[in-house]
Amino acid sequence: MTTSQFHIIGHKLCPYVQRAVITMLELGIPFYRTEIELNNKPDWLSELSPTGKVPVLMVDQTTAMFESTVISEYLQEISAQSFHPSDALDRGLHRAWIAYGDQIRDVIATIIYRTQTETEQVEAFGKIAGMFAILDKQVSEGPYFAGSQFQLIDAVYATVFRFLPALGLLAPTDLLAACPRLRRWSHALANRSSVVSAVPDQFDERLRLFIADQSSFAAVQLR
Ligand SMILES: N[C@@H](CCC(=O)N[C@@H](CS)C(=O)NCC(=O)O)C(=O)O
């Protein structure tokens, strides 16, 4: 039995769980991890997570914290290391672009779980391409969002870009065609060791199988 202060409860493919895991890996915070199945949640999850969602971070085996952004912010606050810009205005802007990343992820979730026709799916992909084009103008020369330092915003977008191989099997066009900075940034993120270690082996294939198991138009295409 481990005595680590932090215990993360998640699902092996969940991007929000990855955000918390990448944060802990980057900040050098020891933790242990329990995976649950989302289609067969354990009864005890509702005791810990009022929304019934993961991640949940157990602190000292007694206190449950939920919401991935809050978990990451908390972890960075108790860490000696900075994971956000020191300037308040820059920090606020990073938080705004993190919220934007969550909106992109909502559109990705729509494709995975909800769209029922090709027209709806093409429309959702158009929305993602448009949001990427706007984001591209915000990214630094690299390698990361704001330059040489990997920060929380990089952890968030690493988990968004991780969906691109699976989405590429469905998208009518290259989603990064008009986004040279995003293309370079996504490559840098994909090679970061914390990002690599946050997911199980063969993530792309596991994700394809997960999507194929849903009841959307995308699911049918990936079977
Ligand atoms: N806003 C939440 C979203 C978490 C979330 O949607 N987690 C998904 C898995 S990726 C989940 O637990 N879904 C189960 C459900 O909705 O019942 C966060 O940032 O932690």
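# Notebook: a walk from Ser-49 to the ligand

**Entry 1: Ser-49.** I began with Ser-49, which lies in the loop between α2 (45-48) and β3. I kept in mind that I was looking at a predicted model. Is Ser-49 buried or exposed? Its relative accessible area is 1%. The cut-off for buried is under 20%, so Ser-49 is buried. Next I looked up what its side chain reaches, and I found the backbone oxygen of Lys-53 at 2.7 Å. I also checked Ser-49 against Val-17, which is 32 residues away along the chain. The C-alpha atoms of these two residues are separated by 13 Å.

**Entry 2: strand β3.** From the loop I moved on to strand β3, residues 56-59. I wanted to know which residues sit on each side of the strand. Val-56 and Met-58 are on one side of β3, while Leu-57 and Val-59 are on the other. All of these are buried, and both faces of the strand are covered.

**Entry 3: the β3 and β4 hairpin.** In which sense do β3 and β4 pair, parallel or antiparallel? I found the antiparallel sense, over 4 bridges, with β4 covering residues 63-66. One pair to look for on screen is Val-56 opposite Phe-66 in β4. The two strands form a hairpin with 3 residues between them. In the turn I noted Asp-60, which has a positive phi of about 55°.

**Entry 4: strand β1.** Then I turned to β1, residues 6-10, where 5 of 5 residues are buried. Phe-6, Ile-8 and Gly-10 point one way from the strand. His-7 and Ile-9 point the other way. I looked up the partners of β1 next. With β3, the strand runs antiparallel and is joined by 4 bridges. Within that pairing, I matched His-7 to its bridge partner Met-58 and Ile-9 to its bridge partner Val-56. That made Val-56 a handy landmark for me, as this residue also stands opposite Phe-66 in β4.

**Entry 5: from β1 to β2.** How many bridges pair β1 with β2? I found 5, in the parallel sense, with β2 at residues 31-35. Ile-8 stands opposite Arg-33 in β2. Following the chain, I went from β1 through helix α1 (residues 15-27) to β2. This β-α-β crossover is right-handed.

**Entry 6: His-7.** I came back to His-7, which is found in strand β1. Why does His-7 count as buried? Its relative accessibility is 15%, and the limit is under 20%, so His-7 counts as buried. I also checked the side chain, and a polar contact of 2.6 Å joins it to the side chain of Thr-34.

**Entry 7: the ligand.** Which residues are around the ligand? My list holds Cys-14, Pro-15, Tyr-16, Leu-38, Lys-41, Lys-53, Val-54, Pro-55, Glu-67 and Ser-68. I was pleased to meet Lys-53 again, whose backbone oxygen is reached by the Ser-49 side chain. Then I looked at three atom pairs in turn.

- For Val-54, a backbone N or O atom lies 2.9 Å from an oxygen atom of the ligand.
- For Glu-67, an N or O atom in the side chain is 2.8 Å from a nitrogen atom of the ligand.
- For Ser-68, an N or O atom in the side chain is 2.6 Å from an oxygen atom of the ligand.

I also looked up how much of the ligand is covered. On its own the ligand has 510 Å² of accessible area, and the protein covers 74% of that.

**Entry 8: the two domains on record.** UniProt, in an unreviewed entry, lists "domain: GST N-terminal" at residues 4-83. That span is 35% helix and 22% strand, and its end C-alpha atoms lie 22 Å apart. The UniProt feature "domain: GST C-terminal", also from an unreviewed entry, is placed at residues 87-210. Here I found 69% helix and 0% strand, with the end C-alpha atoms 40 Å apart.

**Entry 9: helix α6.** My last stop was helix α6, residues 152-161. How many of its residues are buried? I found 10 of 10, including Leu-152, Asp-154, Tyr-157 and Phe-161.

Note on methods
Residues are numbered from 1 along each chain as its sequence is written. This is a predicted model: local features need pLDDT of at least 70, side-chain atom pairs count only at pLDDT 80 or more; totals for chains, interfaces and linings use all residues. Side-chain values use heavy atoms; hydrogens and water are left out. Buried means under 20% relative accessible area, exposed over 50%, partly exposed in between (1.4 Å probe, protein chains only). Two strands pair if DSSP finds at least two bridges between them. A crossover is right-handed if, with the strands pointing away from the viewer, the path from the first strand over the helix to the second runs clockwise. UniProt positions are given in the numbering used here, feature names are shortened, and annotations may be inferred rather than shown by experiment. A residue is near a molecule or strand if one of its heavy atoms lies within 4 Å of it. A polar contact is a pair of N or O atoms within 3.5 Å; within protein, one must be able to donate a hydrogen and the other to accept it, and residues adjacent in sequence count only if both atoms are side-chain atoms. Accessible areas come from the Shrake-Rupley method with a 1.4 Å probe; for residues, only the protein chains shown count as cover.
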